[in-house]
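These are my notes on a structure I went through today. I wrote down what I looked up, entry by entry.

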There are 4 protein chains.
Amino acid sequence: MARSVRSTPPVAPVLPPSAASNGTRSRILAAGLELFAERGYHATSIRDMAAAADMQSASLYSHFPSKEAILAELVLLGHEEHHQRVLSAMLDAGPDPRDQLVAIVRVHVLTHAEFPMLGVVANYERHNLSPTAAAPVLAIRRRSEALLHEVLERGVRAGVFQLLHEDATSRAIATMGVSVATWWPERADGMEAAELADAYCALALRMVGAA
Amino acid sequence: MARSVRSTPPVAPVLPPSAASNGTRSRILAAGLELFAERGYHATSIRDMAAAADMQSASLYSHFPSKEAILAELVLLGHEEHHQRVLSAMLDAGPDPRDQLVAIVRVHVLTHAEFPMLGVVANYERHNLSPTAAAPVLAIRRRSEALLHEVLERGVRAGVFQLLHEDATSRAIATMGVSVATWWPERADGMEAAELADAYCALALRMVGAA
Amino acid sequence: MARSVRSTPPVAPVLPPSAASNGTRSRILAAGLELFAERGYHATSIRDMAAAADMQSASLYSHFPSKEAILAELVLLGHEEHHQRVLSAMLDAGPDPRDQLVAIVRVHVLTHAEFPMLGVVANYERHNLSPTAAAPVLAIRRRSEALLHEVLERGVRAGVFQLLHEDATSRAIATMGVSVATWWPERADGMEAAELADAYCALALRMVGAA
Amino acid sequence: MARSVRSTPPVAPVLPPSAASNGTRSRILAAGLELFAERGYHATSIRDMAAAADMQSASLYSHFPSKEAILAELVLLGHEEHHQRVLSAMLDAGPDPRDQLVAIVRVHVLTHAEFPMLGVVANYERHNLSPTAAAPVLAIRRRSEALLHEVLERGVRAGVFQLLHEDATSRAIATMGVSVATWWPERADGMEAAELADAYCALALRMVGAA
DNA sequence: TATGAATGAGTCTTCATTCAT
DNA sequence: AATGAATGAAGACTCATTCAT
């Protein structure tokens with residue numbers, strides 16, 4: 001039986017399925033995502049986005065009330081997609097804190113490898129949101145952080161994790177996953193996403209003293 | 001006699017001594033640093049910077065030829081200061097790869113804890129530089145990366161490090177230090193910089209399988 | 001039957017029919033023409049032009065990509081209108097070089113008398129164009145110059161012209177026509193355009209030794 | 001005895017002797033002349049002129065009270081030099097109107113050939129002067145025009161000139177001399193100034209019907 | 001005499017947004 | 001749903017000029 005030589009697409013999809021494919025709106029979101037990720041929110045003009053979506057700038061306002069609304073939707077979408085995947089992975093993992101940690105890190109890394117632009121925008125461009133638009137995003141972030149915290153705490157209580165410093169450890173684990181969005185799409189070798197995730201999972205186990 | 005409970009100032013200095021204290025120029029740099037770190041390069045206007053430096057916007061041009069030149073100087077300065085500190089720490093460390101890794105991580109973390117705004121600007125705002133302005137910065141980055149790479153390689157050859165994946169490991173170590181600039185200044189507890197550095201050094205040793 | 005005493009309007013039209021009357025665009029062109037002719041390109045601000053066209057300065061950019069583009073259009077338009085008139089006059093003239101010279105000079109003078117501002121802008125402000133914008137203009141100028149040259153050459157070969165110096169003569173003929181744009185609109189007496197043209201035609205015939 | 005092969009210098013002097021050679025002031029005037037002639041008054045900044053004169057812009061104000069004062073001095077200087085030369089040539093000519101016309105045209109052409117930049121600035125940039133600064137210039141212009149007018153009138157009264165139209169003729173004669181400043185420095189052939197002047201003198205005689 | 005720094009007004013152009021069509 | 005034209009505010013930058021040194 002012929003095996004496919006390539007297991008990941010050469011170019012990652014821009015938007016997750018939950019947001020893709022429904023016409024003009026998603027064309028605008030895709031345009032915004034690419035440009036915000038590449039140049040940043042303030043370096044991208046409404047006209048740039050319109051051009052990338054093959055329309056006039058005024059037409060954007062038939063779909064979004066403002067430039068900020070487009071960023072807000074992208075940032076929220078990135079957080080929702082991520083949180084839902086992490087949550088789902090946790091539910092599939094058994095009760096062992098080690099399995100739970102691995103589940104979190106794997107899906108965390110894979111999501112950032114699959115949607116690097118969304119990772120960049122959600123993490124680095126979210127600071128351009130007004131407090132109002134940022135609020136629901138922060139809520140999700142806190143839930144995600146709490147989830148990792150919970151797993152670490154349970155591992156400590158179960159005696160399988162020996163943390164050096166809770167805060168530093170959890171920040172390090174979270175950060176190294178996010179950074180994947182930045183460097184992995186530009187990697188020189190042909191490293192696969194699954195291979196990458198394996199490495200980070202093992203790394204995480206070492207960081208919590210469980211390997 | 002009462003001992004001071006806090007050994008580091010509550011607010012870190014903005015610029016390293018190498019750039020501070022020489023008049024108008026450094027006042028402009030300090031203004032740019034604060035604003036670029038807080039809002040980002042494109043969200044900061046030349047008038048904002050002038051106001052923060054208590055002068056008219058046109059007066060900036062007596063000291064810098066363009067807005068980009070201010071960013072370029074800050075980014076370069078951040079990289080130079082960082083690289084020089086890392087280099088100096090390496091020279092003070094003994095020949096043991098473990099000591100060398102600890103030396104690198106400690107100074108890496110401490111630098112980002114002491115100059116968090118410079119860390120943010122140097123790492124996140126440098127993408128707003130033109131290729132010409134970015135070139136010398138990239139050269140320094142490559143040297144710093146090579147240094148960490150060298151230490152890891154030597155540790156592996158000496159049999160004291162068991163790396164899971166060289167690239168992933170080095171990226172994770174570098175990233176977790178940089179992220180300090182982001183979260184540590186806003187920490188809730190009264191964590192000291194030295195304590196933070198200790199934790200990250202131990203974490204790094206675990207990551208390379210040497211703890 | 002009563003003859004009208006005045007055959008030309010007291011104030012010449014600003015733009016030739018080929019460019020006039022089509023809405024906002026030509027209102028901007030007319031504003032630019034008047035101001036460029038009166039004050040010069042660099043002494044005219046985009047705001048001055050907007051005010052003269054009764055709009056905001058930003059609105060100009062819905063119709064022209066830059067200030068230079070407005071000048072470029074005016075200069076090109078002036079050259080095109082002029083060249084087409086000269087060409088048309090030549091075609092109506094018989095084969096006699098004297099008739100041809102008179103035809104050229106008459107239309108040359110009349111055009112500058114009818115559209116003096118366009119003459120001033122096309123001839124004196126064209127130096128403010130970038131090489132790219134100036135190229136098509138230069139092409140037309142060369143064609144016009146070649147036409148006069150051709151007529152003079154033919155007259156010499158036919159023995160009806162005795163030139164003192166070809167280059168000096170053709171420059172003098174061309175220049176005296178262009179200068180009409182400058183002094184004729186401010187003439188003290190009530191000199192008619194037709195009368196003016198008659199004088200210049202006779203003058204030209206003398207200059208080539210054919211009178 | 002060796003004859004000089006070249007009767008005119010390859011590059012015409014910038015300023016006439018009356019203004020040259022007295023230090024910083026004339027260095028500034030020379031810089032202004034070159035730049036005003038090349039780019040125009042409004043396209044030349046005070047900093048451009050300072051750079052061309054190898055000094056700081058603020059230093060110009062030790063020698064001239066304003067940018068306009070530099071233009072005013074150049075324009076006045078050009079007119080004075082020109083008028084004095086024309087006057088002197090007239091005094092050397094005999095009483096014959098033909099000789100007088102030739103004398104005027106010759107010196108008119110030669111002056112513009114020798115100081116083309118001064119000719120350009122005096123004739124085309126003088127419109128950028130305020131009425132106050134323009135007044136003495138206009139006075140000289142009127143005297144020069146009156147002089148030509150006088151010669152033409154005398155020739156008519158003496159029956160040696162048959163004018164077609166006084167105003168048109170005098171404008172044409174004056175204009176063709178001024179235009180020399182524009183085209184002659186860029187001539188393709190190696191035409192000498194004396195040769196040029198001869199041609200224009202003969203042309204003028206034809207124009208007045210005296211050849 | 002010369003200058004570096006400073007300034008307020010101005011430059012052209014782009015911005016996000018609105019609105020009538 | 002889409003657009004061309006319009007706008008007021010703002011963008012980075014340059015202007016001619018001033019002044020203390």
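**Entry 1: two helices in chain D**

I began with helix 1 (residues 24-39) and helix 4 (residues 67-92) of chain D, whose axes come within 10 Å and cross at roughly 85 degrees. I noted that the model is predicted. Angles of 65 to 115 degrees count as roughly perpendicular, and helix 1 of chain D and helix 4 of chain D are therefore roughly perpendicular to each other.

I then looked up which residues meet. From helix 1 of chain D I listed D:R25, D:I28, D:L29, D:G32, D:L33 and D:F36. Their partners in helix 4 of chain D are D:K67, D:I70, D:L71, D:E73 and D:L74. By class, this contact of helix 1 with helix 4 of chain D has 7 nonpolar, 1 polar and 3 charged residues.

**Entry 2: two helices in chain A**

Next I took helix 1 (residues 24-39) and helix 6 (residues 116-125) of chain A. Their axes come within 9 Å and cross at roughly 65 degrees. In which hand does helix 1 of chain A pass helix 6 of chain A? I found a left-handed crossing.

Helix 1 of chain A brings A:L33, A:E34, A:F36 and A:A37 to the contact. Helix 6 of chain A brings A:M117, A:L118, A:V120, A:V121 and A:E125. I sorted the residues of this contact between helix 1 and helix 6 of chain A into 7 nonpolar, no polar and 2 charged.

**Entry 3: a helix pair across chains A and B**

Here I looked at helix 10 (residues 193-207) of chain A and helix 8 (residues 166-183) of chain B. The two axes come within 10 Å and cross at roughly 55 degrees. That makes helix 10 of chain A oblique to helix 8 of chain B. The crossing of helix 10 of chain A with helix 8 of chain B is right-handed.

On the chain A side, the contact uses A:A199, A:Y200 and A:L203 of helix 10. On the chain B side, I wrote down B:A168, B:T169, B:R171 and B:A172 of helix 8. The residues of this contact between helix 10 of chain A and helix 8 of chain B are 5 nonpolar, 1 polar and 1 charged.

**Entry 4: chain pairs without contact**

I also checked two other pairs of chains. Chain B and chain C have no contact, and their closest C-alpha atoms lie 20 Å apart. Chain B and chain D do not touch either, with their nearest C-alpha atoms 13 Å apart.

**Entry 5: DNA strand E**

Which residues come nearest to DNA strand E? Of the 32 residues around this strand, I found B:S59, B:H63, C:Y61, D:S59 and D:H63 to be the nearest. Of the atoms of DNA strand E that come within 4 Å of the protein, 63% belong to sugar and phosphate.

I noted three atom pairs. A polar side-chain atom of B:S62 is 3.5 Å from a base nitrogen of DNA strand E. For C:T44, a backbone N or O atom lies 3.5 Å from a phosphate oxygen of this strand. For C:I46, a backbone N or O atom lies 3.0 Å from a phosphate oxygen of DNA strand E.

At least two residues of the surface near DNA strand E come from each of helix 2 (46-52) of chain A, helix 3 (57-60) of chain B, helix 2 (46-52) of chain C and helix 3 (57-60) of chain D. By class, I recorded 10 nonpolar, 16 polar and 6 charged residues on this surface near DNA strand E.

**Entry 6: DNA strand F**

I repeated the search for DNA strand F. Of the 33 residues around DNA strand F, the nearest are A:S59, A:H63, C:S59, C:H63 and D:Y61. Sugar and phosphate make up 65% of the atoms of DNA strand F that come within 4 Å of the protein.

An N or O atom in the side chain of A:S62 is 3.4 Å from a base nitrogen of DNA strand F. A polar side-chain atom of B:Y61 is 2.8 Å from a phosphate oxygen of this strand. The surface near DNA strand F holds 10 nonpolar, 17 polar and 6 charged residues.

Note on methods
Residues numbered from 1 in each chain as written. Chains lettered and ligands numbered in written order. Predicted model: local features only at pLDDT ≥ 70, side-chain atom pairs only at ≥ 80, totals over all residues. Heavy atoms only, no water. Axes fitted to C-alpha atoms, helices over the stretch in contact; angles between N-to-C directions. Helix = DSSP H or I, 4+ residues; strand = E, 2+ residues; numbered from the N terminus. Parallel < 35°, antiparallel > 145°, perpendicular 65-115°, else oblique. Left-handed = near helix turned anticlockwise from the far one by under 90°. Contact = heavy atoms within 4.5 Å. Nonpolar A, V, L, I, M, F, W, Y, C, P; charged D, E, K, R; others polar. Near = heavy atom within 4 Å. Polar contact = N/O pair within 3.5 Å; in protein donor to acceptor, adjacent residues only side chain to side chain.
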